[in-house]
Amino acid sequence: MNDFPVQLEINRLSDTKTIENVSCYELLREIAGKRQVYDGIWDGKAVIVKIFLDPISANRHFKKEWQGMKKLQELGLNGAKPLFYGKGKNESWVIVSENLVGAETVLCAMPQCKSKEAKIELV
């Protein structure tokens, strides 16, 4: 995927069993042969698309990621909301989650905390 935007067709398996089209605009991260992470748009929403590529470990990594995202939601902790998962081309596993546009990481926000109590509250 070098020429952007790219349309991904994902066979949605998490709930509705439909085919979803996601537009990917930028490669954010790549672990060669293992995973690709894209910035995209789906259904008018900013999303993150994670594609698990390794034929041996993709299923395991996909499950671990999806379960972790769902657990954060169940616990009421801040994190990207998982939207759906499915299979992409070459039977690769794909997770689509919301993109928290403008969100600040804890590492960026921590230096702004003036007290130990503020740091604890942030975390």
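In the predicted model, K89 is located in the loop that joins β5 and β6. With a relative accessibility of 62%, K89 is classed as exposed, because the threshold for exposure is over 50%. The C-alpha atom of K89 is separated by 10.0 Å from that of L53, a residue 36 positions away along the chain. The loop between β5 (82-87) and β6 also contains E91. E91 is not a glycine, yet its phi is positive, at about 60°. The relative accessibility of E91 is 54%, and this residue therefore also counts as exposed.

A positive phi likewise occurs at K17, again a residue other than glycine, with a value of about 55°. K17 belongs to the loop between β1 and β2 (19-31). Its relative accessibility of 58% places K17 in the exposed class. A further backbone feature is found at the peptide bond from F4 to P5, which is cis, with omega near -5°. P5 is situated in the segment that precedes β1 (6-12). These features stand out because most residues other than glycine have a negative phi, and most peptide bonds are trans.

The strands are arranged as a closed barrel. Six strands, described as 6 in the order β1-β2-β3-β4-β6-β5, form this barrel with antiparallel pairing. On average, neighbouring strands of the sheet are turned by 45° against each other, direction ignored. In general, strands of a sheet pair through backbone hydrogen bonds, in either a parallel or an antiparallel sense. Within the barrel, strand β4 (residues 45-52) is joined to strand β6 (residues 93-98) by 6 bridges in the antiparallel sense. In this pairing, I48 of the chain is positioned opposite S97 in β6.

The nonpolar residues were examined next. The largest nonpolar core comprises 13 residues, of which I10, V22, V47, V49, F84 and V96 touch the most other members. Two or more residues are contributed to this core by each of β1, β2, β3 (35-42), β4, β5 and β6. The greatest contribution comes from β4, which supplies 3 residues. The surroundings of V49 illustrate the packing: leaving aside residues up to four places away in sequence, V49 touches L8, V22, C24, Q36, V37, Y38, V94, I95 and V96. A second core, separate from this one, consists of 8 residues, among them A58, W66, Y85 and W93.

Aromatic side chains were also analysed. The structure contains 7 aromatic pairs. One of these is formed by F52 and F62, whose rings meet edge-to-face, with a centre-to-centre distance of 6.4 Å and an angle of 70° between the planes. This pair connects distant parts of the chain, since F52 is in strand β4 and F62 is in helix α1 (residues 58-75), 10 residues apart. F52 has a relative accessibility of 1% and is therefore counted as buried. F62, at 4% relative accessibility, is likewise counted as buried. The rings of F62 and W93 have centres 4.3 Å apart and planes at 10°, so this pair is stacked. Here too, distant parts of the chain are linked, with F62 in helix α1 and W93 in strand β6, 31 residues apart. Both F62 and W93 are buried. Ring pairs join F52, F62, W66, Y85 and W93 into a cluster. Of the residues in this cluster, W66, Y85 and W93 are also included in the second nonpolar core.

A charged side chain was considered last. R12 is located in strand β1. The relative accessible area of R12 is 10%, and the residue is therefore buried, as the limit for this class is under 20%. The side chain of R12 makes a polar contact with that of E20, at 3.1 Å. Apart from residues up to four places away in sequence, R12 touches K17, T18, E20, W42, L83, F84, Y85 and G86. The contacts of R12 thus include K17, the exposed residue of positive phi described above, F84, one of the named members of the largest core, and Y85, a member of the aromatic cluster.

Notes: Residues are numbered from 1 along each chain as its sequence is written. This is a predicted model: local features need pLDDT of at least 70, side-chain atom pairs count only at pLDDT 80 or more; totals for chains, interfaces and linings use all residues. Side-chain values use heavy atoms; hydrogens and water are left out. Two strands pair if DSSP finds at least two bridges between them. Helices (H or I, at least four residues) and strands (E, at least two) are DSSP runs, numbered from the N terminus. Axes are lines fitted to C-alpha atoms, for helices over the stretch in contact, and angles run from 0 to 180 degrees between N-to-C directions. Buried means under 20% relative accessible area, exposed over 50%, partly exposed in between (1.4 Å probe, protein chains only). Rings of Phe, Tyr and Trp (its six-membered ring) pair if their centres lie within 6.5 Å; planes under 30 degrees apart count as stacked, over 60 as edge-to-face and the rest as tilted. A polar contact is a pair of N or O atoms within 3.5 Å; within protein, one must be able to donate a hydrogen and the other to accept it, and residues adjacent in sequence count only if both atoms are side-chain atoms. Contact means heavy atoms within 4.5 Å. A nonpolar core is a set of buried Ala, Val, Leu, Ile, Met, Phe, Trp, Tyr and Cys residues joined through side-chain atoms within 4.5 Å.
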